[in-house]
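Work through the following exercises with the sequence and the model side by side, and try each task before reading its solution.

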Amino acid sequence: MRIGYGWDSHEFKRGIPLKIGGVEIAHDKGLGGHSDGDVLLHAITDALLGALAAPDIGTLFSPSDARWKGADSAVFLLEALKRVKSAGYKIVNIDSTLILAAPKIGPHSAAIRASVSKLTGTPATCVGIKAKTPEGMGTDNAAIAHAVVLLERGSSPKSRKSNPKQRS
Ligand SMILES: [Zn+2]
């Protein structure tokens, strides 16, 4: 088994859509960043990459690369999932905590959970989405996400041989 941990933060900016866990949430501000700023998908992506001891999201998808400008963060997550599969692992469960002052995540947590479940091919009963407000942290204009994943060996490690490029 392998455990992975990821952390990310983005600053709120006016005039851009807010996307968390692949779900667009109505709010007067969105998360700035080179891509769509999806703080939760970035933390989960880094957790998956970390579990494999692979390069992190910023190394694989450089913010200076024009290809990733405004990119849907699902692209990063799918690349990490491809690496998990080709290394012969599958996801056991994902847990996460969002820390943000606004908007309230409660009304959206079921949709975010369903989205992460679908994107990662993990049953919703194995996807944890928790949210807290940043009491005393002074980070009210940012969204922060922590994520952990547990991977276990799948039944067909043979797939590792079929795509040697993915192993580096
Ligand atoms: Zn990010």
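Contact here means heavy atoms within 4.5 Å, and angles run from 0 to 180 degrees between N-to-C directions. The model is predicted.

**Exercise 1.** Determine the order of the strands in the open sheet, and explain why β4 and β6 are each left with one side without a neighbour.

*Solution.* Begin with the order, which is β4-β1-β7-β5-β6 in an open sheet of five strands with mixed pairing. Next, consider the ends: β4 (29-31) and β6 stand at the edges and have a single partner strand each, so one side of each lacks a neighbour in the sheet. Finally, the average turn between neighbouring strands is 20°, direction ignored.

**Exercise 2.** Describe how β5 is joined to β6, and place α4 relative to these two strands.

*Solution.* First, β5 and β6 run parallel and are joined by six bridges; in one pairing, I94 has V127 of β6 as its bridge partner. Then turn to α4, which lies across β5 and β6 and runs at about 140° to β6.

**Exercise 3.** Find which residues touch the most other members of the largest nonpolar core, and follow the contacts of V116.

*Solution.* The core has 40 residues, of which I20, L40, L48, L98, I112, V116 and L151 touch the most other members. Among the elements supplying at least two residues each are α1 (39-51), β5 (89-99), α4 (109-120) and β6 (127-132), and α1 gives the most, with nine. Leaving aside neighbours within four places in sequence, V116 is in contact with G21, L40, L41, I44, I94, V127 and I129; of these, I94 and V127 are the bridge partners met in the second exercise.

Conventions: Residues numbered from 1 in each chain as written. Predicted model: local features only at pLDDT ≥ 70, side-chain atom pairs only at ≥ 80, totals over all residues. Heavy atoms only, no water. Core = buried A, V, L, I, M, F, W, Y, C linked by side-chain atoms within 4.5 Å. Buried < 20%, exposed > 50% of the residue type's maximum accessible area, 1.4 Å probe, protein only. Helix = DSSP H or I, 4+ residues; strand = E, 2+ residues; numbered from the N terminus. Pairing = 2+ DSSP bridges.
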